[in-house]
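User: I am new to this structure and would like a close look at its enclosed empty spaces. Please begin with what counts as buried, then take me inside.

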Amino acid sequence: MKNKTATRDRLINAGISLIKVNSVQKLTLRQIAHEAGVTTGAFYKSFPNRQVYFRELANKVSSEWAAIIEPELAGIPLATERLLFLGDNLMRTIVAQPNLAHFVLETPVVSFSDDELAKWPLLNLTFRNVKAVLDEHSRIDKNSFFIQIWIFIIGYANLLQSKSISYDTELLKTTLEKLLED
């Protein structure tokens, strides 16, 4: 069991390393296994298929990013400022690691149920901070607002990744203010 866990960890870490330099679409199981120092057979002993592997890989990155950002959020008193700090950190990560960020943000989530959100720490952190902002704005539908925020993040991330635009901190603030006005 210990050996299987070590192999899984090596495969996950290999995938993260490879996605940082290449898009996930160009990634092959052979490359992942080679980077991890295992056979493709060992891959399939560790993961039933690519979909499960990529969900676990995205979850690990999501967990790591959330673990870095969450303690810093605790020191920010206003919900709106926490959400802006979270967004700023996410956008800076997208600029620094575009392939990995795109992969994590584009990994499908089944639903926004509490059970599903619990599996995605970064998404969960975002949802909780959006909810905290909206607790101060009771007239706005929380799920719709969250979807608008998440769509903005995905769209902005795609533009940043393609280098169509440069990151603009003020755009986050202006967008949040406009969404809260409606």
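Analyst: A residue counts as buried when its relative accessible area is under 20%, and as exposed when that area is over 50%. The model here is a predicted one.

Start with A42, a residue of helix α3, which covers residues 40-46. Its relative accessibility is 19%, so A42 counts as buried. What does A42 touch, leaving out residues up to four places away in sequence? The partners are T7 and L11. T7 lies 35 residues from A42 along the chain, yet their C-alpha atoms are separated by 7.7 Å.

Next comes the nonpolar core. The largest one has 61 residues. Within that core, Y53 and F145 touch the most other members. Take F145. Beyond its neighbours within four places in sequence, F145 is in contact with V130, L134 and I140. F145 also contacts L176, L179 and L180. Keep L176 in mind, since this residue comes up again below.

Now the empty spaces. Rolling a probe the size of a water molecule over the atoms shows where empty space is left. How many cavities of 30 Å³ or more does a search of the whole structure find? The search finds 2.

The largest cavity holds about 160 Å³ of space. Three elements each give two or more residues to its lining: α5 (79-96), α9 (142-161) and α10 (169-181). Helix α5 gives the largest share, 5 residues. The lining residues include L83, L84, L86, G87 and L90. Also among them are T126, I149, F152 and I153. L172, T175 and L176 complete the list. Here L176 returns: this lining residue of the largest cavity is also a contact of F145. By class, the lining has 9 nonpolar residues and 3 polar ones. None is charged.

The second largest cavity has a volume of about 30 Å³. Its lining is made up of S23, V24, Q25, N99, H102, F103 and Q161. Which helix gives the largest share of this lining? That is helix α6, residues 98-106, with 3 residues. The class count for this lining is 2 nonpolar and 5 polar. Again, no charged residue takes part.

Set the two linings side by side. Around the largest cavity, the count is 9 nonpolar to 3 polar. Around the second largest, the count is 2 nonpolar to 5 polar.

Key: Residues numbered from 1 in each chain as written. Predicted model: local features only at pLDDT ≥ 70, side-chain atom pairs only at ≥ 80, totals over all residues. Heavy atoms only, no water. Helix = DSSP H or I, 4+ residues; strand = E, 2+ residues; numbered from the N terminus. Buried < 20%, exposed > 50% of the residue type's maximum accessible area, 1.4 Å probe, protein only. Contact = heavy atoms within 4.5 Å. Core = buried A, V, L, I, M, F, W, Y, C linked by side-chain atoms within 4.5 Å. 1 Å grid on protein atoms, 1.4 Å probe; cavity = no way out; pocket = protein on both sides within 12 Å on 5 of 7 lines; lining within 4 Å. Points joined across faces, edges and corners; volume = space filled by probe spheres on them. Nonpolar A, V, L, I, M, F, W, Y, C, P; charged D, E, K, R; others polar.
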